[in-house]
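Biologist: I am new to reading structures, and I would like a close look at one helix that sits under cover. Please start there, and then show me how the rest of the fold is put together.

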Number of protein chains: 2
Amino acid sequence: MKKIAILGSTGSIGTSALDVVRNFPELYEVSFLTANSRTDDLEKQIKEFKPGAVVIKDKLAAEVFKSNTDFKGIILAGEEGLIEATKNFDYDILLSSLVGFAGLEPTIEAIKRGKRIALANKETLVAAGEIVVDLADKYNSEIIPVDSEHSAIFQCLVGEKTEDISKIILTASGGPFLNTAYENLKNVTVKEALNHPNWSMGAKITIDSASMMNKGLEVIEAHWLFRMGKDKIDVVVHPQSIVHSMIEFIDGSIKAQLSLPDMKLPIQYALSYPERLNKSYTDTNFSSIKNLTFFEPDFKKFECLKLAFDVMEQGGAAPCILNAANEIAVEKFLEGKINFLQIPDVIKSALYRIENYSDPELESIIECDRLTRELLKKEMN
Amino acid sequence: MKKIAILGSTGSIGTSALDVVRNFPELYEVSFLTANSRTDDLEKQIKEFKPGAVVIKDKLAAEVFKSNTDFKGIILAGEEGLIEATKNFDYDILLSSLVGFAGLEPTIEAIKRGKRIALANKETLVAAGEIVVDLADKYNSEIIPVDSEHSAIFQCLVGEKTEDISKIILTASGGPFLNTAYENLKNVTVKEALNHPNWSMGAKITIDSASMMNKGLEVIEAHWLFRMGKDKIDVVVHPQSIVHSMIEFIDGSIKAQLSLPDMKLPIQYALSYPERLNKSYTDTNFSSIKNLTFFEPDFKKFECLKLAFDVMEQGGAAPCILNAANEIAVEKFLEGKINFLQIPDVIKSALYRIENYSDPELESIIECDRLTRELLKKEMN
């Protein structure tokens with residue numbers, strides 16, 4: 001019986017994870033759940049999964065919740081609540097599925113306790129990859145990726161040696177604007193950008209998919225997660241999202257992991273690894289799929305992807321700056337304050353002005369993140 | 001340093017294997033080579049690879065060779081020579097790449113010595129699958145498949161558990177007649193049948209690919225090699241021959257092994273497993289591949305494939321009868337004595353008339369094979 005803690009249980013990944021937990025009451029129980037402000041959803045989850053504690057990040061929502069609920073467990077609030085829970089509560093696996101940089105510190109607390117991390121929060125590795133993987137090594141914490149692409153790589157690596165990899169090939173759906181001309185990207189609406197062809201996800205990651213920044217973040221994530229050379233990561237566009245990613249080995253053999261898109265599969269695998277559980281959420285029939293296509297990404301049209309490769313090359317805190325600037329830019333795009341093509345512009349302006357650190361400590365990473373947000377928020381309000 | 005013995009060194013698989021050996025003089029040396037009658041080619045291989053012995057299956061060719069060669073090693077002849085060599089000579093890995101039923105007995109000799117078998121001779125497992133895999137278990141002999149499909153399955157299984165497999169999906173190119181109408185198959189020429197779109201192989205296997213009997217034999221091979229339930233093996237047509245085969249696991253995850261078609265990759269892997277060697281024969285670029293297609297096989301048009309599923313279901317010596325009848329039918333087709341659509345007819349007539357054994361010993365298998373050939377040869381001459 002494994003105790004699962006879920007950071008962000010009312011989000012898309014969190015609810016899918018609870019679907020998995022629901023299927024295996026003999027294997028998994030819930031330690032604690034956290035929500036940002038969706039306390040109605042949280043209340044329902046509490047009734048069904050009976051966690052020992054909950055954390056509500058939004059302090060006002062936490063106050064309202066406290067005075068209305070008949071939940072008898074511990075109720076914490078704010079970012080400090082997230083850290084206290086990951087640092088002190090009893091759990092075996094932390095599903096890290098907060099959105100953005102907010103996931104970093106609680107995840108580090110779990111790593112320091114040698115817990116297994118089911119990692120859906122890619123920003124953790126983007127902003128502080130080296131620090132995080134070094135800590136995981138030091139504290140014997142297993143990081144099992146939940147992103148479908150990294151789960152694919154992870155699954156293809158089972159039984160193989162990392163040093164036998166010649167190349168990681170991340171597949172990208174290309175998002176809703178794959179076939180939109182560059183000059184029309186300027187005028188796309190928020191609604192269009194939120195309309196992902198294959199995956200149903202939260203707003204931030206869906207916009208990142210539309211700009212292909214999501215793939216850029218994944219490139220950096222793969223670089224750290226698999227300690228893979230920067231020149232050994234390729235991106236190929238594959239609009240059907242059936243091949244979730246591939247590894248090419250030194251003998252030319254390529255392994256791929258495939259399925260119809262459903263996040264419950266990589267979530268379940270991250271919980272059950274090294275076992276596979278007898279529950280499938282997809283029914284992948286190749287005769288009905290018929291066609292898998294592949295082509296090179298357009299780095300001019302999807303400048304965010306190029307920027308991600310650039311900051312990976314620069315190293316230091318540059319990926320952290322890119323990540324923070326991207327979070328702000330996406331927020332502003334969703335608020336209608338900038339157009340879609342201004343997202344990379346905002347990021348470039350931050351990278352140009354915030355000083356990079358060559359070998360940053362966690363404190364410098366947090367400072368870089370703070371400075372970037374401060375700078376951009378000030379000038380964009 | 002591993003000593004490699006190659007049954008059928010002048011054939012397509014044999015010469016590819018020697019290409020691999022040539023690339024790794026520090027890892028592999030040649031123990032003995034065997035040819036059927038191509039002694040000129042064998043002479044060249046002797047000069048380059050310096051085996052300790054050779055076997056020439058055609059006795060007349062062996063006599064002529066003996067009187068002309070300055071090779072100082074042992075020269076054996078005939079089927080008994082093949083058996084003596086595999087039974088007594090010094091080697092670590094036997095590459096079993098004879099064509100047809102002839103490969104069975106020498107391969108069994110190597111298994112009984114606990115040698116690794118790099119198995120390219122699928123007829124060994126088709127005709128006597130249960131006997132062969134039981135012997136391999138008993139004598140701790142590893143059977144590593146060389147067929148690209150089974151190598152793919154084998155590679156996808158590394159680090160996974162056989163009991164977690166929900167389905168093996170063998171891919172089939174569909175051969176040269178994939179888009180030929182059924183009614184036109186009657187009139188296809190030998191030359192057309194020998195013109196495989198993706199693979200350059202020997203005549204027997206190329207005709208088997210054209211009739212899809214090759215895939216049928218592979219289904220039975222997979223059934224034994226992976227001890228996979230008969231209802232857990234699917235065939236999907238994939239004309240590009242890039243995805244060499246796939247495994248679906250109980251959690252819905254599918255693993256595939258891919259590359260441009262080149263037999264040197266699975267051959268090298270069968271020699272080097274569990275290592276991968278740093279030499280690639282393929283440069284698989286997804287952006288230039290662009291398109292992978294899949295569809296269901298047409299069992300009516302490719303009746304041989306259906307017959308193979310049928311005999312697997314029947315079990316006993318039925319696959320052996322099918323295999324022997326198919327060898328004769330292919331021979332007669334190549335000689336112009338029957339048309340392409342008569343290949344399954346010949347097989348059905350044998351299955352109808354030769355008595356099946358339910359739990360055959362090796363002797364009964366050999367007898368069934370002999371009887372089938374005798375019957376068909378008599379009436380087709």
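Modeller: Let's begin with one word: a residue is called buried when its relative accessible area is under 20%, with the protein chains alone taken into account. Keep in mind that this is a predicted model.

Now find helix H7 of chain A, which runs over residues 148-157. Ten of its ten residues are buried, so by that cut-off the helix is mostly covered. Follow it along the chain and you meet Ser148(A), Glu149(A), His150(A), Ser151(A) and Ala152(A), then Ile153(A), Phe154(A), Gln155(A), Cys156(A) and Leu157(A), each of them buried. Just after the helix comes Gly159(A), where the backbone takes a positive phi of about 80°.

Let's step back to the chain that holds this helix. Chain A contains 17 helices and twelve strands. Buried residues make up 61% of its 381 residues. Its C-alpha trace spans about 55 × 50 × 40 Å along the principal axes. A compact globule of 381 residues would have a radius of gyration near 21 Å, and chain A has 20 Å, which agrees. Look also at which residues touch: among the contacts in chain A with a separation of 6 or more, 68% are between residues 24 or more positions apart.

Another covered piece of chain A is strand E3, residues 53-56. Ala53(A) and Val55(A) are buried on one side, while Val54(A) and Ile56(A) are buried on the other, so both faces are covered in the sense of the cut-off above. The strand pairs with E2(A), residues 28-35, in the parallel sense over four bridges. One place to look for that pairing is Phe32(A), whose bridge partner in E3(A) is Ala53(A).

For two helices packed together, try H1(A), residues 12-23, and H12(A), residues 264-272. Two packed helices are described by the angle between their axes and the distance between the axes. Here the angle is about 65° and the axes are 9 Å apart. H1(A) passes H12(A) in a right-handed crossing. On the H1(A) side the contact is made by Ile13(A), Ser16(A), Ala17(A), Asp19(A) and Val20(A), and on the H12(A) side by Lys264(A), Ile267(A), Gln268(A) and Leu271(A). Sorted by character, the residues of this contact are five nonpolar, two polar and two charged.

Next, move to chain B and its open sheet of seven strands, in the order E4-E3-E2-E1-E5-E6-E7, with parallel pairing. Its edge strands are E4 (74-77) and E7 (143-145), each pairing on one side only. From one strand to the next, the twist averages 20°. At one end of that order, E6(B), residues 116-119, pairs with E7(B) in the parallel sense over three bridges. Ala118(B) stands opposite Ile144(B) there. Helix H12 of chain B, residues 264-272, packs on the sheet and touches E1, E2, E5, E6 and E7 of chain B. The direction of this helix makes about 170° with that of E6(B).

Within this sheet, E2(B), residues 28-35, and E3(B) pair in the parallel sense over four bridges. Phe32(B) has Ala53(B) as its bridge partner in E3(B). Both faces of E3(B) are covered: Ala53(B) and Val55(B) are buried on one side, and Val54(B) and Ile56(B) on the other.

Finally, look at a sheet with strands from both chains. Eight strands form this open sheet, in the order E9(A)-E8(A)-E10(A)-E11(A)-E11(B)-E10(B)-E8(B)-E9(B), and the pairing is mixed. Its edges are strand E9 (233-237) of chain A and strand E9 (233-237) of chain B, each pairing on one side only. The twist again averages 20° from one strand to the next. In the chain A part, E8(A), residues 165-172, and E10(A), residues 243-249, run antiparallel over five bridges. Ile165(A) has Phe249(A) as its bridge partner in E10(A). In the chain B part, five bridges join E8(B), residues 165-172, to E9(B), and these two run parallel. There, Ile168(B) stands opposite Ile233(B). E9(B) is an edge strand, yet four of its five residues are buried.

How values were computed. Residues numbered from 1 in each chain as written. Chains lettered and ligands numbered in written order. Predicted model: local features only at pLDDT ≥ 70, side-chain atom pairs only at ≥ 80, totals over all residues. Heavy atoms only, no water. Pairing = 2+ DSSP bridges. Axes fitted to C-alpha atoms, helices over the stretch in contact; angles between N-to-C directions. Left-handed = near helix turned anticlockwise from the far one by under 90°. Contact = heavy atoms within 4.5 Å. Nonpolar A, V, L, I, M, F, W, Y, C, P; charged D, E, K, R; others polar. Rg over C-alpha atoms; globule rule 2.2 N^0.38 Å. Buried < 20%, exposed > 50% of the residue type's maximum accessible area, 1.4 Å probe, protein only.
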